[in-house]
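Q: I am new to this structure. Please pick one part, look at it closely, and then show me how its surroundings fit around it.

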Amino acid sequence: MISSEQAATPPWRAAMLLLAIALVAFHLGLIFSGLVPNLVSRPVHLALALPWIFLFAGGGGLQRASGVVFCCAGIAACLWVAVNQSALSDQYGFLEGSFQRVVAVVLLVTVLEGARRAIGWPLPIVAALSLAYGLLGQHIPGEFGHSGTPVASFLGTLTIAEGGIWGSLTGVSVNVVAIFVIFGAVLNAGEAGQGFMNVAAAAAGRLKGGAAKVSVLSSALFGSISGSASANVASTGAITLPAMTRLGYPKRLAGAVEAVASSGGQIMPPLMGAGAFVMVELTRVPYTQIMAAALLPAVLYFFAVWVGINAYARRYDLASIAREDRPQMKQVAITSAFFLVPFLVLLYGMFVVRYTPQYAACLAILAGFVLLFFNAKGTFDPAEILRRMEGAFLTAARQVSVIAAIIVCASIIIGVLAITGLGVKITSLILSGSGGYLWPSLFLTALACLFLGMEVPTTAAYVICVSVAGPALMQQGLEPLQAHLFVFWFALISTITPPVCGAVFIAAGMVGENWLKVAGTAMALGVGLYVIPLAMIANPSVIGLASSPVAAVGSAVKIGAGLGLVSFGIIGFRKPWKRLLSVGVGLAVMFLGGTLI
């Protein structure tokens, strides 16, 4: 076991690289090779991910020894399911014999421990409690008990059938999320990241508060492929934070700008932190329609941040980036090709040729892979090319494995909800607690998303919350996509909302400022994260860009006008009455009346 690739000895590094290549080749091969049984592809997906969770993630002593045991046992159990999938499909999720029970227990324990090592305790604790409820819930009196399920059937449904850990969510991880994560890793291994920075600097660097606006644009562009607020802060922040502090920006503002801008990456199409693809599976809405629905709200979010930066620029007289520090247009044109070419291939494949998103992404990966042979200087450096390829494979394998650990663990919870009917009971609780009214239900759901999002990653928080609260919201008249986007946005607000705000912690540490000060400024700048989901409910046409573009743009203009007043009112005015007036008028514009078009 090793702490990082850099610290690896040559044999370990070679093993890591071979396993990474195998993982990438397997997922790309699934797309090009046609249909593979789900009880083959999904167990192999988890088997390929386990070494990255248990062997290559660091640690020593007992953790090292236990990691080897968990990894070997988990891989053996996964491969046993894959090899015996034909016979298992005839068992209809019912375990036969003690050996199969051992396999089921090994799989569940491995998944729980893998999630714990990947992201910490909260999600596996929730999954373990759900398992306990499924096994013992018949002893709970009252309406929240259940009638009981035979252990062989309960465990079998979760482990040897296409439910539970091999359910549809895991299928999304295998067939779609992994492909787009590989796409992002290939782009980031080359010069696409520098291309994002150069485009942003050329577009906004000359403006007042230019360094902060460059952070917003670059984070929006980078976040559209990384889908991770933390990764976004760590990557773009390494460049934008020093630039802002060097120009005299208050440290709390610099950290807040980066945290807020980076959080927007998870709501910015196409990747949306894997949430878009999970949403496809849960709503049965085409991926392109979800992209269209998410686009205008995401633009509105960054617009609100932009308005807030303008207000801060007026207060602190924030400077633009010096002309000599901005990239030349030739440099911008060259480096932008490193992300434009793969993106154009992706969009052409999806919208012109009408390939599936994952097939189009595979073609874009191949285009991005070819670009790894080139650099902005026009030189040929074999050592640099090998480093880029190695970085792309290792990053892709690590990120695919972490997402697999999250989604497979969350699938346990979804499976238990389906088997026991607990989801229906929680839906009834929400409906009764809200008195049957929509807005109280929205408030309860938002609160649940906030608390759950503080403890588990955004995608997992969204999956769990929408599974229990989504049906209640839809029973009260919301369209499925409305309900899912609402829950997804509120699952994200914990990235900047205390007490647990991951993006703020990272940005504050990088800039050397008290995290509470950064969080306070981030909440003011990121006010759109709290308001826009509610505005989507009050103005449902804003997510209808694909079907009714004129109405969608009209709603977006209306929400944008109100959001601008709210954002500027919170930051730009010092006198309380002016602040209240601006915020009040802004909220009225957003939530009252019809669209502007």
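A: What follows starts with one pair of helices and then moves outward to the loops, helices and core around them.

This is a predicted model. Start with helix H13, which covers residues 275–283. Its partner here is helix H21, residues 480–492. The two pack at an angle of about 145 degrees. Their axes lie 11 Å apart. The crossing of H13 past H21 is right-handed.

Which residues make up the contact of H13 with H21? On the H13 side they are Gly275, Met279, Leu282 and Thr283. On the H21 side they are Pro480, Leu481, His484, Leu485 and Phe488. By class, this contact has six nonpolar residues, three polar ones and no charged ones.

Now follow the chain into the loop between H13 and H14. Arg284 sits in this loop. Its phi is near 60 degrees, a positive value in a residue other than glycine. Most residues other than glycine have a negative phi. Arg284 has a relative accessible area of 65%, so it counts as exposed. Pro286 lies in the loop between H13 and H14 too. Is Pro286 buried, partly exposed or exposed? With a relative accessible area of 45%, Pro286 is partly exposed. To place Pro286 in the wider model, take Leu108 as a marker: the two are 178 residues apart along the chain, and their C-alpha atoms are separated by 32 Å.

Next comes helix H14, residues 287–316. Look at two of its residues. Leu295 is in H14. At 33% relative accessibility, Leu295 counts as partly exposed. Setting aside neighbours within four places in sequence, Leu295 is in contact with Pro269 and Leu545. From Leu295 to Ala77 the C-alpha distance is 42 Å, across 218 residues of sequence. Val299 is also placed in H14. Its relative accessible area is 42%, so Val299 is partly exposed. Val299 can be related to Val280: 19 residues separate them along the chain, and 21 Å separates their C-alpha atoms.

Beyond H14 there is another loop to note. Asp317 is placed between H14 and helix H15 (329–352). Phi of Asp317 is near 55 degrees, again positive in a residue other than glycine. Asp317 has a relative accessible area of 56%. The cut-off for exposed is over 50%. Asp317 is therefore exposed.

Go back to H21, since it leads to another helix. H21 is among the elements that cover the buried residues of helix H19. The others named there include helix H18 (422–433), helix H20 (458–475) and helix H24 (527–538). Which residues of H19 are buried? They are Ser441, Leu442, Thr445, Ala446, Cys449, Leu450, Leu452 and Gly453. H19 itself runs over residues 438–453. At 1.5 Å a residue, its 16 residues should span 22 Å. Its end C-alpha atoms are 22 Å apart, so the span agrees with the expected value.

H24 then leads to helix H26, residues 576–591. The axes of H24 and H26 come within 9 Å and cross at roughly 35 degrees. H24 brings Val531, Leu534, Ala535 and Ala538 to this contact. H26 brings Leu587, Met590 and Phe591. Seven nonpolar residues form the contact of H24 with H26, with no polar and no charged residues.

Now step back to the interior. The largest nonpolar core has 193 residues. Those with the most contacts inside it are Tyr301, Ile412, Tyr462, Leu525 and Leu529. Helix H17, residues 382–420, gives the most to this core, with 17 residues. Take Ile412 as one of the well-connected core residues. Leaving out neighbours within four places in sequence, what does Ile412 touch? It is in contact with Leu108, Val111, Leu112, Ala127, Ser130, Leu131, Leu158 and Ile165. Leu108, the marker used for Pro286, is one of these contacts of Ile412.

One last residue sits in another helix. Ser41 lies in helix H2, residues 38–54. At 3% relative accessibility, Ser41 counts as buried, because the cut-off is under 20%. Apart from neighbours within four places in sequence, Ser41 is in contact with Phe26, Leu30, Val36 and Val174.

Terms used: Residues numbered from 1 in each chain as written. Predicted model: local features only at pLDDT ≥ 70, side-chain atom pairs only at ≥ 80, totals over all residues. Heavy atoms only, no water. Axes fitted to C-alpha atoms, helices over the stretch in contact; angles between N-to-C directions. Helix = DSSP H or I, 4+ residues; strand = E, 2+ residues; numbered from the N terminus. Left-handed = near helix turned anticlockwise from the far one by under 90°. Contact = heavy atoms within 4.5 Å. Nonpolar A, V, L, I, M, F, W, Y, C, P; charged D, E, K, R; others polar. Core = buried A, V, L, I, M, F, W, Y, C linked by side-chain atoms within 4.5 Å. Buried < 20%, exposed > 50% of the residue type's maximum accessible area, 1.4 Å probe, protein only. Expected span 1.5 Å × (residues − 1).
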